[in-house]
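Biologist: I would be grateful for a close look at one part of this chain, described for a first-year student. Please begin with a single residue and then work outwards.

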Amino acid sequence: KPEAPQQTASATPVVAAPVVVEQPTAAPARTTLPPLASNSGTPTSGRWAVQVGSYAREATAERLAKQLRDQGQRAFVMPVKSGGATLYRVRIGPMQDRASAEAALRDVKSAGAAIVSHP
């Protein structure tokens, strides 16, 4: 006769403790991402951008992003943690397709600028 499997689960259900997320009291003074063509909210992978540079000082990145915006580009600063430091990426976009990113790259004419997937 085959044996019935033994149940080892306890009679007390396991309930996870609620996660409390604290909201910052003041929004950081950063350039926000430009609005996307769709109403999706947060950019998702598969979109493209042109990364013009990456800087250790936020003020330097913001200055370059402003210059690009003054030239009609949709430039923004994207902070990213790298090791123990924060780097500030200056990007143009995001664009729906790579062809649009390639066109923007030709307009930038900046040494070191490159097409990257975004975010």
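Leaving aside its neighbours within four places in sequence, with which residues is Ala114 in contact?

Modeller: Leaving those neighbours aside, Ala114 is in contact with Ala49, Val50, Gln51 and Leu105, where contact means heavy atoms within 4.5 Å. Before going further, please note that this is a predicted model, in which local features need pLDDT of at least 70 and side-chain atom pairs count only at pLDDT 80 or more, while totals for chains, interfaces and linings use all residues. Residues are numbered from 1 along each chain as its sequence is written, and side-chain values use heavy atoms, with hydrogens and water left out.

Ala114 is found in strand β4; helices (H or I, at least four residues) and strands (E, at least two) are DSSP runs numbered from the N terminus. Its relative accessibility is 33%, so Ala114 counts as partly exposed. The scale is as follows: buried is under 20% relative accessible area, exposed is over 50%, and partly exposed lies in between, with a 1.4 Å probe and protein chains only. The C-alpha atom of Ala114 is separated by 9.5 Å from that of Arg91, 23 residues away along the chain.

Val116 also has its place in β4. Val116 counts as buried because its relative accessibility is 19%. Apart from neighbours within four places in sequence, Val116 is in contact with Arg47, Trp48, Ala49, Gln51 and Arg91. Although Arg47 lies 69 residues from Val116 along the chain, their C-alpha atoms are separated by 8.7 Å. Over the chain as a whole, 66% of the contacts with a separation of 6 or more involve residues 24 or more positions apart.

The helix α2 brings us to the other side of this picture. Its buried residues are Ala101, Ala104 and Val108. Seen down the helix axis, they fall within an arc of 60°, so they line one face of α2; the arc is that of the directions from the helix axis to the C-beta atoms. These buried residues pack against β1, β3 and β4, the last spanning 114-118. On the other side of α2, Ala99 and Arg106 are exposed.

Val108 leads on to the largest nonpolar core. Such a core is a set of buried Ala, Val, Leu, Ile, Met, Phe, Trp, Tyr and Cys residues joined through side-chain atoms within 4.5 Å. This one has 17 residues, and those that touch the most other members are Val50, Val52, Leu68, Val90, Ile92, Met95 and Val108. The elements that give two or more residues to the core are β1 (47-55), α1 (58-70), β2 (75-82), β3 (85-95) and α2 (98-108). In soluble globular proteins, nonpolar side chains tend to be buried together.

Ile92 shows how these elements meet. Beyond its neighbours within four places in sequence, Ile92 is in contact with residues including Val50, Leu68, Phe76 and Val108. Phe76 is found in β2, and Phe76 counts as buried because its relative accessible area is 0%. A cis peptide bond, with omega about -5°, joins Gly93 and Pro94, and Pro94 has its place in β3.

To set the part within the whole, the chain has two helices and four strands, arranged from the N terminus as β-α-β-β-α-β. Of its 119 residues, 28% count as buried.
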